[in-house]
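User: I want to know what backs each label used for this model. Take the terms one by one.

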Amino acid sequence: MPHQPTHEPASESEAAREFADRHIGPGPAERARMLAAVGFASTAELMAAAVPRGIQIRPDAGAPSALPEPVGESEALAELRRLAERNQVLTSMIGLGYYDTVTPPVIQRNILENPAWYTAYTPYQPEISQGRLEALLNFQTMVADLTGLPVAGASLLDEATAAAEAMTLARRAAKGRGATFVVDSDVFPQTLAVLRTRAEPLGIDIVVADLTEGLPEVPDGETFGVLLQYPAASGAVRDPSAVIQAAHECGALAVVAADLLALTVLRAPGALGADIAVGSTQRFGVPMGFGGPHAGYMSVRTGLQRQLPGRLVGVSVDAAGRPAYRLALQTREQHIRREKATSNICTAQVLLAVMAGMYAVHHGPHGLRAIAERVHGHAVRLAAGLRGLGLEVPHDAFFDTLRARVPGQAGAVVDRARELGVNLLRADDDTVGISCDEVTTDEHVDLVLRAFGGSGARSDEAPAGGALPEGLRRGVDYLAHPVFHSHRSETALLRYLRRLADKDLALDRTMIPLGSCTMKLNATAEMAAVTWPEFARLHPFAPLDQAEGMVRLIRDLEGWLAEVTGYDAVSLQPNAGSQGELAGLLAIRAYHRSRGDRDRDVCLIPSSAHGTNAASAVMAGLRVRVVACDEDGNVDLDNLRAAIAAHRDELAAIMVTYPSTHGVYEDTITEVCALVHEAGGQVYVDGANLNALLGWAKPGEFGADVSHLNLHKTFCIPHGGGGPGVGPVAVRAHLAGFLPNHPAQPEAGPHTGVGPVSAAPFGSAGILPISWAYVRMMGERGLRAATETAVLSANYVARRLAPHYPVLYTGSGGLVAHECIIDVRALAKRTGVSNEDVAKRLIDYGFHAPTMSFPVAGTLMVEPTESEDLAELDRFVDAMIAIRAEIERVADGGYDRGDNPLKNAPHTAEALTADDWKHAYTRAEAGYPVPELRANKYWVPVGRIDQAYGDRNLVCSCPPPEAFEE
Ligand SMILES: *Cc1c(COP(=O)(O)O)cnc(C)c1O
């Protein structure tokens, strides 16, 4: 008798509702209570009151949605499984900066697949981020040691953009030089392409030259920088010293794009005189993922650290004088310097940097070197085999990559190799490229030789000696710090990873109510496919017919994102929001130029804008003109009209965030769009706040021409402690021809496009399954419900906090959008307790602080998201109210103004249990201000960190263990 189910299987839509119900924190009863507090009968009513009528989607308008009906977790995973099966993972020997690698399982499970690491936020609150800051310091130390340059940052977006950042750094540093940047002709082609995209709007001339013969003749004083690839794209290992010296002689800076694995056996760029080193750390245990995400790196010589783009971890001291980590020299960054920032980088690649650093911790210097020697050995045997077949292998000095000359036959050889299961590089019609990597075996070498016409029989004699030039060989003069020696056993490494994770507050412990950052649930089912080999092990330049499932997934997601935003075309290539901004602005620029409007170069940006906006505009060759906001926080229309009048013929665009960074739906948005359009400008809507719009309004329909979205905010890609991200750019039809494209993949964008903004054709494709799964499981109704609950939660929090703290801006009906700004400035003036004190005191209550001082200095911005249930929202509000009472005690003299629980927060266990407790308040008041903490207490590992000390005494690599002794 057939098996009888005891109950009907859940229908598809029931299963889907189940996912949306689990993604959305508050259940129906909780929502009802929240609605009652806010004064509405339903979330639909609330939204109808909050969202300006003029931009609301009318449910009866237009065709039915292009989003498919949602499915549940099992069905979504089964669909992803079917997509994965349509990918074909061949042995990849393509190279060009992407190599197969073994992710140590202990790192895969305990970092990449561990929410304690992947759900953390950027370490702006350093006291609750000591674990990931230490991991990043390991990364910086590793990069600094291997490149031989003392200061390394905590990751860039990929190798090609790191090279572009190096180019602009060199230009800033070589002040007074001309506008020429000389680039090695033997550089990775995607690096050259990204350099060209980034150089053109800045008026930089790229001169491509064969640097084997030294520097080309350029007029004296013209060249500000030179970039050389080491080893070269062709595999050749050339001594860069002469080029570096020639660059210095003409006053230019020397940039070396170097492969870190090669640097375990080759002399360091710094030792050869380089000013800057850049590259990728992908092959240190991070899967290729069809292009990303991976951590790019940059290190610089002393004197250039204040020019460094992106984030830099440094060592400082805490209140007890102990070493503690935090982000250093933030005054370089976009969130402070805006259009004068060193770059627009905000979200970087922290999770991947943590993995790469731990790969070095796992293997240690000798382990890394052994991997490099094995890889090199395979390349040497391959070269001997090819030469044995009578083929020309042009380079005598190489590390892992070879070129073989097969006149007219390259295509045929590559095809034969593919039939044997190996992807090789067709460098040109006559040349095949082969790269060995960590997973290359003797069998792979034999297969490659067969593809070139060898018999397949193995010659057992290993060729004597290597192919590294004598003068460039290097001893093990790196990674001497004990951290790279103390975790050889898996037990030790496992505990080290756990110990670091335990120091940090991530979403797996508490809500992270960070305004503008949308720290919502990253569901486990969404994450599952990221490490499936069918997605993870695809080379970004693999033939598309081997990536059918991945391409389907990409096209699905592009279509869905276009649908929910009302745009016509989407590019997933930008690998952070900042890069999406650049891509969108480049599209606007190219559009104006295509119409002969070459003088339109002014970009209007409201004073409340995110720092990336201004920095991106400068990178796109635009001039920034700030537009004022009125006292309600809205774009000041009179000021806007005046700005437009002053720049009518030069107006390129306005860049506005919607809902505004003040967390309100400005009802003048349609008017803003109209005014700019009338003057011939384009409207860029920063889509980072899409969590307040999905299902209710579409920027592409209410007047915008282009937006970037942040998949690592609205679409559930976890924040990773500061990356990865994906920042798709979405445009209306007239801009579609100006989206990014890619030289290695014609399918990646329009042939008329502006060039690539990322190294990989589809950017960080490896994490797109996360957002795909989110949309697939939520469907249109689910997304709409998520938006409604996000807005309800923000209004609930605002309503409950309002009697205790002023809520700075509200829109129509006194409502906020998906976030609210809490104004503590008056309190601070009266009591001396600042927003920073409140933020640090929240740590004692077990919370991550809200966003501090953005967009308004001295305030806190709270974004609860739809994923937090009512109990957690109340726990947060109750903590804020309790803190408010503490502030009041300071005001009325019950607490000393200087010695109180707020000023001394956060309190470590050590401080609280010290034999001599000298404070004017009790230990219990400090450590257990609310009773619930007795059952569940987070103990912060360090006290408040002295920011200024760390900038005055800059240390950006692992301190010696003695530094932590008493
Ligand atoms: C997060 C954010 C950005 C930048 O995105 P990144 O991915 O960090 O580069 C831009 N604008 C706003 C309003 C944001 O909140």
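Analyst: Start with residue classes: Ala, Val, Leu, Ile, Met, Phe, Trp, Tyr, Cys and Pro count as nonpolar, Asp, Glu, Lys and Arg as charged, and the others, Gly among them, as polar. By that rule the ligand shell holds three nonpolar, nine polar and three charged residues. This is a predicted model: local features need pLDDT of at least 70, side-chain atom pairs count only at pLDDT 80 or more, and totals for chains, interfaces and linings use all residues. Residues are numbered from 1 along each chain, and side-chain values use heavy atoms, without hydrogens or water.

User: Which residues come nearest to the ligand?

Analyst: T347, S516, D686, H712 and K713, out of 15 around the ligand. A residue is near if one of its heavy atoms lies within 4 Å.

User: What makes the T347 pair a polar contact?

Analyst: A polar contact is a pair of N or O atoms within 3.5 Å. A polar side-chain atom of T347 lies 2.6 Å from a ligand oxygen, so the pair qualifies. H712 also places a polar side-chain atom 2.6 Å from a ligand oxygen. The protein buries 98% of the 380 Å² that the ligand exposes alone (Shrake-Rupley method, 1.4 Å probe).

User: Why are β22 and β23 called edge strands?

Analyst: The order is β22-β24-β23, in an open antiparallel sheet. Each of β22 (820-823) and β23 (851-852) has a single partner strand, so one side lacks a neighbour in the sheet. Strands are DSSP E runs of at least two residues.

User: How do you know that β23 and β24 pair?

Analyst: Pairing takes at least two DSSP bridges. β23 and β24 (residues 859-862) have two, so they pair. M852 stands opposite L860 in β24.

Conventions: Helix = DSSP H or I, 4+ residues; strand = E, 2+ residues; numbered from the N terminus. Polar contact = N/O pair within 3.5 Å; in protein donor to acceptor, adjacent residues only side chain to side chain.
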